[in-house]
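Thank you for passing this one along; my comments are set out below as numbered points, to be read beside the model.

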Amino acid sequence: MKLMISLGIILGMMTYTSALPIQNSSVIQEMKRLKRGNSEVLRGPEEINAMDRILRTNGRLGSSRARGLSFREGDIASSYHIQSRSAITCPGNSCLWPKSVDGSVYVPYIISPQYDDMDRITIEMGMLDILLETCVKFVPRSHETNFLDIQPRFGCWSFLGMTEGPQPISLQSPGCMWSGIVSHELMHALGFVHEQSRSDRDRHVSIIWENIRKGQKHNFKKYQTNNLNTVYDYGSIMHYGRYAFSEDGSPTIIPKPDPNTPIGQRDGPSVLDIQKINLLYECGGLV
Ligand SMILES: [Zn+2]
């Protein structure tokens with residue numbers, strides 16, 4: 001019923017808009033915004049992947065610039081003092097967490113006391129999905145200098161790789177409280193970028209530039225990534241959704257050759273995501 005009313009409003013606005021002078025851009029922008037919102041309703045919740053929800057939660061993240069942070073691709077943070085570093089590729093693996101003599105990669109963390117028990121469980125589930133199948137071990141911090149400081153700030157975001165010192169990861173509650181979103185942000189902290197930023201992405205997906213919202217094309221850059229000789233992973237927890245940064249609900253990413261290949265998901269790291277963590281951190285027998 002709600003959907004019918006919303007569609008009625010949109011159709012009404014379309015009729016209304018067509019009778020207006022074209023320069024009434026605020027009505028057109030509002031119409032596009034409503035259409036964008038309803039296209040998510042029409043797709044149904046089962047198709048909203050982790051990145052879709054991150055982008056929705058982070059809607060007004062740009063205003064965080066005032067607090068000394070900037071964001072690229074919707075949820076990768078940089079602070080001004082480390083922006084000179086080419087964080088996207090981590091040259092020479094400079095942003096990897098160090099490996100211990102026992103072969104494990106210990107990543108200390110603290111979780112803000114502001115979270116309730118359910119939130120803590122969700123965060124720990126996101127950690128478990130990685131640590132059970134890789135040599136990366138998230139451990140409560142005791143005295144370590146470098147550690148993840150998980151906090152319910154505004155939005156879902158992380159820095160890329162280890163930045164040294166206390167390193168915030170924001171997981172707003174409830175907007176970021178899916179274990180798949182937790183593992184997505186943890187993978188950024190381990191040094192992984194979004195799957196469709198890979199250097200070889202144009203062989204696997206088409207970016208529909210004309211459907212991207214004004215001012216957002218920079219979120220679709222490719223980077224010289226280390227692809228670890230793994231195949232392109234449409235099912236990566238790090239993949240944008242089909243409609244990411246869409247102007248009006250039309251697709252911005254179409255897989256090829258089969259445009260109907262599902263992209264992204266919400267459950268947690270894919271088999272290939274786990275394989276990539278094991279390769280990047282040289283987890284030996286787990287590869
Ligand atoms: Zn991300």
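The points below take the metal site to begin with and then turn to one strand and its partners.

1. Please keep in mind throughout that this is a predicted model, and that the remarks on the zinc ion and on the strands are to be read in that light.

2. The zinc ion takes its donors from D75, which appears twice through OD atoms, and from the NE2 atoms of H184, H188 and H194, at 2.0 to 2.4 Å. Along the sequence these donor residues follow the spacing D-x108-H-x3-H-x5-H. Distant parts of the chain are linked in this way, since D75 lies in the loop between β1 (69-72) and β2 (76-79), while H184, 109 residues apart from D75, belongs to helix α5 (residues 179-190).

3. Are D75 and H184 buried or exposed? Both D75 and H184 are buried.

4. Strand β5 (residues 147-151) is mostly covered, with five of its five residues buried. In a regular strand the side chains alternate between the two faces of the sheet. In β5 the cover extends to both faces, with F147, D149 and Q151 buried on one side and L148 and I150 buried on the other.

5. Which strands pair with β5, and in what sense? Strand β3 (residues 105-111) pairs with β5 in the parallel sense over three bridges, and Y109 stands opposite L148 of β5. Strand β7 (residues 166-171) also pairs with β5 in the parallel sense, over five bridges, and here Q151 stands opposite S170 in β7.

Conventions. Residues numbered from 1 in each chain as written. Predicted model: local features only at pLDDT ≥ 70, side-chain atom pairs only at ≥ 80, totals over all residues. Heavy atoms only, no water. Donors = N, O, S within 2.8 Å, 3.2 Å for Na, K, Ca; no water. Helix = DSSP H or I, 4+ residues; strand = E, 2+ residues; numbered from the N terminus. Buried < 20%, exposed > 50% of the residue type's maximum accessible area, 1.4 Å probe, protein only. Pairing = 2+ DSSP bridges.
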